[in-house]
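Me: I've just opened this model and would like to go through some of its local geometry with you. Shall we take it residue by residue?

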Amino acid sequence: MVENKNYYVTTPIYYPSGKLHIGNTYTTVACDVLARYKRLQGANTFFLTGTDEHGQKIQQKAADKGLSPQAYVDQMADSIKSLWNYLEISNDDFIRTTDPQHKAVVAKIFDKLLEQGDIYLGEYSGWYSVSDEEFFTESQLAEVYRNEAGEVIGGVAPSGHEVQQVSEASYFFKMSKYADRLLTYYEEHPELIQPKSREKEIVKNFIEPGLEDLAVTRTTFDWGVPVNSDPKHVIYVWIDALTNYITGLGYDPDKGSFEQQSEQFKQFWPADLHMVGKDIARFHFIYWPIMLMALDLPLPKQMYGHGWMLMKDGKMSKSKGNVIYPEFLVEHYGIDALRYYLMREVPHGGDAVFTPEDFVGKMNYDLANDLGNLLNRTIAMINKYFDGTVPSYAGDITAYDASLRELGDTTITEYKALLDSLEFSKALETVWALISRTNKYIDETTPWVLAKDENQSQALKSVMTHLVLSLRVIANLLKPVLITTSDEILRQLGLEPLAEGTWDELTFVADLGAAQVIDKGEPIFPRLDVEEEVAKITESMTGGQAAGDDSDWDPETVELTNEKADIEFGQFEAVELRAAEVLDCQPVEGSNKLLQFKLDAGDDQPRQILSGIAKHYPDPKYFIGKKVAIVANLKPIHMMGEISQGMILSAENADGKLTVVELPERVESGAGLA
């Protein structure tokens, strides 16, 4: 039984400007795994997700579609709720920032902060990205545009979206007032931010240079919560969105201190975990704790900024033709296949790169071969040798029994510790190590040989019992991740799942009660034709969406196609290909996929490009001094806290092996390619 009987976990609230892809799905599935895990341990769990529905971008999207903002967000919120239902996400509540209760409390929170002097009226002038709903200083821009006089007239945010100059009256939150207090809290609570590299980035890049006061209202649009005392101002996203974590529990500043809040709020706050993508880590790791300090509320126990699910050519984008949606994968391969892939592929704090080959490989090798075949072989042998009845445990008899039993108990302990540390991928690795060891156990004990010798009948019984005991541990450990497969394994073995609240009592040795396996094992995961399924997934990624912003999704206009459309010569001419010399190449910290290239591409200063080819080139130093071909005029993108300013061209073989295109030494750096 977990010590803390209450557990509160949250996803970020999603911005409903487009269809959610598997990158968004990762966050929700990870939180769902934790919620299910805690419920199995007996915790009273509250799992919150929802939608962030205000802002200029939403207002513009609604106008483009001829809808009111409310009608537009109603449609989008319904589609996101439907997606989570389809994926069997076990959230306890779904909050919308357009909910009347949330809006009323947000206005009260603003009034409280204004009254106590944490908010003041000023004027904001700076660079604003509508797509990101974020202000940037000139130094924070990934690229700036200048006129002939050298004056900055525009630029590009780290996300790749263009910014515009904005000057308007705005209320500001005194972030600087709390900067020292926040740093002290970080030091005294080293468990607050995970992974620790995120905290270092936040401190180095945003707090140490001097934390600026934050603009928290806008006057250039009206789709949001108005300030009670100055209604021409709309309360901006930071206060409106971040406070969902407490309004969703019933927080009300009018009730006064923590002790006077609702029972539900006192029961679950502070949150055990806020899980967010690393792209919004700054808002959660700086702005949110400071707001809570100003409200005199406890801070969350832990906040985790996970990595991204990337594609070979960077972030998922319909304009690149590289988006993969969860509905497609679930429809063709099942919920558990998607959940397993997401939880196994994304490393702790790092990025993962989705490829159809990797997905099909996980299905075939991990799920069908390793796990599925182990179950089928076990059931077949118990039917053949013992008429389907599982022998009772009688201790360790063969020379291999003890080591399997000991590994089973060790796996239980390690798996729980890794889940508690949010090491989803490593937790699953420990289970697959047990699966691998159990498959090897069959080969070591050779039950088909034991069956031919009457003197080995007890050894044969022990082998069958140990196989079932191992599968029982495997199935129960996988329950938070493989939500249907776990029960199916136990059903085929004639066993019952552990009841909620008894999961922590799991041990390798158990009373199997003369369990009766099914007459014939049923495959829990079919083996797939690699070529056929890779083509199918690739088709779903590349078809049906014209180039444009990711938010342009319309469910009524999506079609699939087998090939990319022909382009005009003018479109090809717009791509700037250049030769570049590699000055340095290093692995990107926190990523097992990305390499960081420093390049002489004929620019005034070295250019940086991140490329997801690490597994194909284990020695990054190989590239130093090489000439490579790059796409030089891609919009910069932000990955792992670094800017990538272009793309390095590679060729892909039929087996998925990538080879970087190398140019002769005589080609000058910066030379155009045609």
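Me: Is tyrosine 287 buried or exposed?
Reply: This is a predicted model, with pLDDT of at least 70 needed for local features, 80 or more for side-chain atom pairs, and all residues used for totals over chains, interfaces and linings. Numbering runs from 1 along each chain as its sequence is written, and side-chain values use heavy atoms, leaving out hydrogens and water. The cut-offs, with a 1.4 Å probe and protein chains only, are under 20% relative accessible area for buried, over 50% for exposed, and partly exposed in between. Tyrosine 287 comes out at 7% relative accessibility, so it's buried.

Me: And what is the relative accessibility of phenylalanine 283?
Reply: Phenylalanine 283 counts as buried too. Its value is 8%.

Me: How many aromatic pairs does the structure hold?
Reply: Rings of Phe, Tyr and Trp (its six-membered ring) pair if their centres lie within 6.5 Å; planes under 30 degrees apart are stacked, over 60 edge-to-face, and the rest tilted. On that basis, the number of aromatic pairs is 29.

Me: Which ring does tyrosine 120 stack with?
Reply: The centres of the two rings are 5.7 Å apart and the planes make 15 degrees, so with the cut-off at under 30 the pair is stacked. The partner of tyrosine 120 is phenylalanine 172.

Me: How many residues apart in sequence are the parts that this pair ties together?
Reply: Elements here are DSSP runs numbered from the N terminus: helices are H or I with at least four residues, strands are E with at least two. Tyrosine 120 belongs to strand 4 (residues 119–129) and phenylalanine 172 to strand 8 (residues 162–173). The pair therefore links parts whose separation in sequence is 52 residues.

Me: Which member of that pair is buried?
Reply: Tyrosine 120 has 30% relative accessibility, so it counts as partly exposed. With a relative accessible area of 9%, the buried one is phenylalanine 172.

Me: What about phenylalanine 283 and tyrosine 287: what angle lies between their planes?
Reply: They sit four residues apart in helix 10 (residues 281–294), separated by about one helical turn. The ring centres are 5.8 Å apart and the pair is tilted, with an angle between the planes of 35 degrees.

Me: How many residues of helix 12 are buried?
Reply: Helix 12 covers residues 335–345 and is mostly covered. Its buried residues include charged-sounding names such as Asp336, Arg339, Arg344 and Glu345. The count of buried residues is 11 of 11.

Me: Which residue is joined to proline 270 by a cis peptide bond?
Reply: Most residues other than glycine have a negative phi, and most peptide bonds are trans. Proline 270 is in the loop between helix 9 (263–268) and strand 14 (273–277). The bond has omega of about 10 degrees, and the residue on its other side is tryptophan 269.

Me: What is omega for the cis bond between glutamine 194 and proline 195?
Reply: Proline 195 is placed in the loop between strand 9 (193–194) and helix 6. For its cis bond with glutamine 194, omega is about -10 degrees.

Me: What phi does glutamate 88 have?
Reply: Glutamate 88 sits in the loop between helix 3 (69–86) and strand 3 (93–96). At 39% relative accessibility, it's partly exposed. Though not a glycine, glutamate 88 has a positive phi of about 60 degrees.

Me: And what phi does threonine 446 have?
Reply: Threonine 446 is in the loop between helix 15 (424–445) and helix 16 (447–450). It is partly exposed at 22% relative accessibility. It isn't a glycine either, yet its phi is positive, at about 40 degrees.
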